[in-house]
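Reader: I am new to this structure. Please take a close look at the contacts between side chains, beginning with the charged ones.

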Amino acid sequence: MKVAVDQLTTTFAALADPTRRAILARLAEGEATVNELAEPFPITVQAVSKHLKVLERAGLITRGRSAQLRPSRLQGTPLKEAVDWLQTYRRFWRGSFDRLGDRLQGGHERG
């Protein structure tokens, strides 16, 4: 049985890797080539290129062509969709933190 993969699943799968998240953080500062992106990592340019392909398939980056270079740039739409989905749980988080705060406050009053 084949399960359909939606955009949100693809986005979160791409974001699951810390190297890919670091690449996205760098691209938030501006476009960069594979060599520029590979500089801070203890991995090969080919490994960074594979990470870029995952990010590109997820729609998180686009890769252009400028002479021999293929600069990558961040695409915000899939990230916004992930944030929008996470926002639906904000009320739950706030409620949990409020309850935790109430418990912690109650503990201080007894002491």
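Author: Two salt bridges are present in the structure, a salt bridge being a side-chain nitrogen of Lys or Arg within 4 Å of a carboxyl oxygen of Asp or Glu. The model is predicted, so local features need pLDDT of at least 70 and side-chain atom pairs count only at pLDDT 80 or more, while totals for chains, interfaces and linings use all residues. Residues are numbered from 1 along each chain as its sequence is written, and side-chain values use heavy atoms, with hydrogens and water left out.

One salt bridge joins Arg73 to Glu31, at 2.6 Å from N to O. This pair connects distant parts of the chain: Arg73 is in strand β2 (residues 72-74), Glu31 is in the loop between α2 and α3, and 42 residues separate them. Helices (H or I, at least four residues) and strands (E, at least two) are DSSP runs, numbered from the N terminus. Arg73 has a relative accessible area of 32% and is therefore partly exposed; Glu31, at 42%, is also partly exposed. The classes are buried under 20%, exposed over 50% and partly exposed in between, using a 1.4 Å probe and protein chains only.

Another salt bridge is made by Asp84 and Lys80, whose closest N and O atoms are 2.8 Å apart. Both residues belong to helix α5 and are four residues apart, about one turn of the helix. Asp84 counts as partly exposed because its relative accessibility is 37%.

Helix α5 also takes part in aromatic contacts. There are two aromatic pairs in the structure; rings of Phe, Tyr and Trp (its six-membered ring) pair if their centres lie within 6.5 Å, with planes under 30 degrees apart called stacked, over 60 edge-to-face and the rest tilted. The ring centres of Phe12 and Trp85 are 5.7 Å apart and the planes meet at 65°, so this pair is edge-to-face. Phe12 is in helix α1 and Trp85 in helix α5, 73 residues apart, which makes this a link between distant parts of the chain. Ring pairs join Phe12, Trp85 and Tyr89 into a cluster. Phe12 is partly exposed at 32% relative accessible area, and Trp85 is partly exposed at 38%.

These three aromatic residues are among the members of a nonpolar surface patch of about 910 Å², together with Leu86, Phe92, Trp93, Phe97, Leu100 and Leu104. Such a patch consists of residues with over 30% relative accessible area and no salt bridge, its nonpolar side chains (Val, Leu, Ile, Met, Phe, Trp, Tyr) being joined within 5 Å; like charges are joined within 9 Å. Areas are found by the Shrake-Rupley method with a 1.4 Å probe, and for residues only the protein chains shown count as cover. At least two patch residues come from each of α5 (77-87) and α6 (90-110), and α6 gives the most, with five residues. Phe97 belongs to α6 and is exposed because its relative accessible area is 59%.

Away from the surface, Ser49 in helix α4 counts as buried because its relative accessibility is 19%. Apart from neighbours within four places in sequence, Ser49 has contacts (heavy atoms within 4.5 Å) with Val34 and Arg63. Val34 is 15 residues from Ser49 in sequence, with 6.5 Å between their C-alpha atoms.
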